[in-house]
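User: Please take a close look at one part of this structure for me: the surface, and what the side chains do there. An informal walk-through is fine, as long as the cut-offs are spelled out.

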Amino acid sequence: GGLNLPDIRGDVDITGLRLSGLHLEKPVLSVVPNTGLNVKTPGVELQVRGNWRYNGWIAVTGSLTLTSKLDLSVTAGAYADMVNKRFATVPKGCSVSYRSFSIDLNNAFYSWIVSFFED
């Protein structure tokens with residue numbers, strides 16, 4: 001399983017991106033006076049895996065792992081739509097605060113070279 005993400009092309013191509021991990025803490029729901037509802041989800045952790053390729057004078061390829069921890073907050077207004085006879089929401093705001101962000105780049109050739117110098 002997982003969610004496929006679009007490729008990124010340029011001097012460095014990033015391909016085969018896939019959301020490989022997602023952890024959500026328990027959300028906190030609160031009422032915002034004269035606005036609607038707010039949902040805060042602290043401690044969202046996500047991991048994305050994929051491949052990279054440097055398109056310079058020599059092609060270098062490898063895999064990558066992106067790990068991020070963040071806090072997410074969404075505020076929405078709510079009302080009864082009497083014409084369409086349904087409950088509806090209106091977005092009022094969204095914020096993301098990053099706690100941490102890391103990218104690990106791996107390359108088999110360079111890892112092999114480094115292994116000669118390790119104990």
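Analyst: Here's a tour of the surface, beginning with a few ground rules.

This is a predicted model, and the local features described here need a pLDDT of at least 70, side-chain atom pairs count only at pLDDT 80 or more, and totals for chains, interfaces and linings use all residues. Numbering runs from 1 along each chain as its sequence is written, and side-chain values use heavy atoms, with hydrogens and water left out.

First, how far to trust it. The chain averages a pLDDT (the predictor's confidence in each residue, from 0 to 100) of 87, and 91% of the residues score at least 70. Confidence peaks in strand β2, residues 12-23, at 93, and bottoms out in helix α1, residues 108-115, with a mean of 66. Helices here are DSSP runs of H or I with at least four residues, strands are runs of E with at least two, and both are numbered from the N terminus. Low-pLDDT coordinates should not be read in detail.

Now the greasy bit. A nonpolar patch sits on the surface, built from Leu72, Val74, Val96, Tyr98, Phe101, Ile103 and Leu105, and together they offer about 670 Å² of accessible area. That area comes from the Shrake-Rupley method with a 1.4 Å probe; for residues, only the protein chains shown count as cover. To join a patch, a residue needs over 30% relative accessible area and no salt bridge; nonpolar side chains (Val, Leu, Ile, Met, Phe, Trp, Tyr) are joined within 5 Å, like charges within 9 Å.

Where do the patch residues come from? Strands β5 (59-81) and β6 (86-106) each supply at least two of them, and β6 gives the most, with five. Leu105 is in β6, and its 55% relative accessibility makes it exposed. "Exposed" here means over 50% relative accessible area, "buried" under 20%, and "partly exposed" in between, with a 1.4 Å probe and protein chains only.

The two strands also share a charged contact. Arg99 and Asp71 meet in a salt bridge, 3.0 Å from N to O. This pair links distant parts of the chain, with Arg99 in β6 and Asp71 in β5, 28 residues apart. Arg99 is exposed at 52%, while Asp71 is partly exposed at 25%. A salt bridge here is a side-chain nitrogen of Lys or Arg within 4 Å of a carboxyl oxygen of Asp or Glu.

The whole structure has three salt bridges. Elsewhere, Asp7, Arg9 and Asp13 are linked in a network. Arg9 pairs with Asp7, their closest N and O atoms 3.4 Å apart, and also with Asp13 at 3.5 Å, N to O. Accessibility varies across the trio: Arg9 is exposed at 59%, Asp7 is partly exposed at 39%, and Asp13 is buried at 13%.

Last stop, the loops. Between β5 and β6 you'll find Lys85, which has a positive phi of about 55 degrees although it is not a glycine; Lys85 is exposed at 73%. Asn34, in the loop between β3 (28-32) and β4 (36-55), is another non-glycine with a positive phi, about 60 degrees, and is exposed at 85%.
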